[in-house]
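Let's take a friendly walk through a protein model. Keep the 3D view open and turn it as you read.

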Amino acid sequence: MAPRCWRWWPWSAWPRTRLPPSESTQSFRQQFSTQEQTPQICVVGSGPAGFYTAQHLLKHHPRAHVDIYEKQLVPFGLVRFGVAPDHPEVKNVINTFTQTAHSDRCAFHGNVVVGRDVTVQELRDAYHAVVLSYGAEDHRGLEIPGEELPGVLSARAFVGWYNGLPENRKLAPDLSCDTAVVLGQGNVALDVARILLTPPEYLEKTDITEAALGALRQSQVKTVWIVGRRGPLQVAFTIKELREMIQLPGTRPILDPADFLGLQDRIKEVPRPRKRLMELLLRAAMEKPGVAEAARRASASRAWGLRFFRSPQQVLPSPDGRRAAGIRLAVTRLEGVGEAARAVPTGDVEDLPCGLVLSSIGYKSCPIDPSVPFDPKLGVIPNVEGRVVDVPGLYCSGWVKRGPTGVITTTMTDSFATGHILLQDLIAGLLPSGPRPGYAAIKALLGSRGVWPVSFSDWEKLDAEEVSRGQGAGKPREKLLDPQEMLWLLGR
């Protein structure tokens, strides 16, 4: 039952008109300029989805106040904890998010776990609207025998380890083996393969954690296989990441020309970005390298390769059963065509020796609160254009809305769309009328529960400390990893 203050419309009657951006902005501002109310809006999650949603709401409503809640002590989500350390240009979006956080109509509240420290219902009672933008914080399991063996890790945890995610700081992956296998052929798979094989001196001036850099300096990994269930035409990585792998110093690619036979004819009709990607793959696999490139490859001490038409069937244990020593792969073939083709087993298997298995078959979102509907199969909150189904005034954006796909600009577009829908509903009178207490009510609840929120100015103190610690080593920052140390630095 919806609270009495809600004006309930059936879903079919909710407005879905999309105005062009210029008309939308002008229309919103004209209508909001005649209203006295200050909408109190809450966003849960401070990654790209959360900040882009907040940015849109603040830009298009002259009085809206947005509070951003985050379970970590620090903001920026996957921009800080997911983007590879050797991709600093991708992290420049943090400057935009910082401008949003500096608005006098925006506040950041870190160290608050929604669903534990405060419920979604309590947020809904305190705000006119709540937007869930908390991303995908878990990984899809392999669901095969041996997955639990030491030496088998999720790529998500491995990325969190070298990027300083507090929950992964003690991961300590064993890099004493010669061969690693990455299961999956997306950008994250190429990220972890590249970090494993990059000469450590190339990472010394990045924001990779010192612990990870020290482990990589001692790494014995010389070969990384990147394994996919389907063929070259179905890979999920992009051309930028592939080009980086091909050009990676001190490494050579291992590509079987037989995997690419007939591909030249099949790519003639595919979209241009996919065609360019396939052409680069074909050149790397089929063309004889020039003299300089041949010499570079001959002197390489490390290698990486793509294995196609292979699906993980079992992680093979060492003789004493104490750790992973290989992986059994089912040989597959494709049914169907193009990107929709499905991998089916042929009945053949092959064993690939390795001491490290990194599973990179996808991230997934988790339920946040029993009061919020959740589709466990799709790993998303059921929604219509960002409106959470059957919960008026509750919205979602980003990966928890559409699934863990796309890049940061995809999330920007998606989050702007949710913000647009929310403002439409505000105009249409579909959100609660009358004032709402916003953070004042939540602050009192958190205080009574012994929770110490971290503000954006607190984050800027931690940021300054990280930058200071990194300066001595010529790094942009040395990330703080221990939440207790962070709170101590803030005098908590």
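Helices α2 and α14 are oblique to each other, because their axes cross at roughly 45°, and oblique covers angles that are not under 35 degrees (roughly parallel), over 145 (roughly antiparallel) or 65 to 115 (roughly perpendicular). Look for α2 at residues 48–60 and α14 at residues 408–427; their axes come within 8 Å. Here axes are lines fitted to C-alpha atoms over the stretch in contact, with angles from 0 to 180 degrees between N-to-C directions, and helices are DSSP runs (H or I, at least four residues) numbered from the N terminus. The crossing of α2 and α14 is right-handed, meaning that the near helix is turned clockwise from the far one by less than a right angle.

Which residues of α2 meet α14? Among them are Tyr-52, His-56 and Leu-57 in α2, and the α14 residues they face as a group include Met-412, Phe-416 and Leu-423; contact means heavy atoms within 4.5 Å. By class, this contact of α2 with α14 has 9 nonpolar, 8 polar and no charged residues. Nonpolar means Ala, Val, Leu, Ile, Met, Phe, Trp, Tyr, Cys and Pro, charged means Asp, Glu, Lys and Arg, and the others, Gly among them, are polar.

Now turn to the lining of the second largest pocket, which has 8 nonpolar, 4 polar and 9 charged residues. Its largest share, 4 residues, comes from α16.

The model is predicted: local features need pLDDT of at least 70, side-chain atom pairs count only at pLDDT 80 or more, and totals for chains, interfaces and linings use all residues. Residues are numbered from 1 along each chain as its sequence is written, and side-chain values use heavy atoms, leaving out hydrogens and water.

Key. Helices (H or I, at least four residues) and strands (E, at least two) are DSSP runs, numbered from the N terminus.
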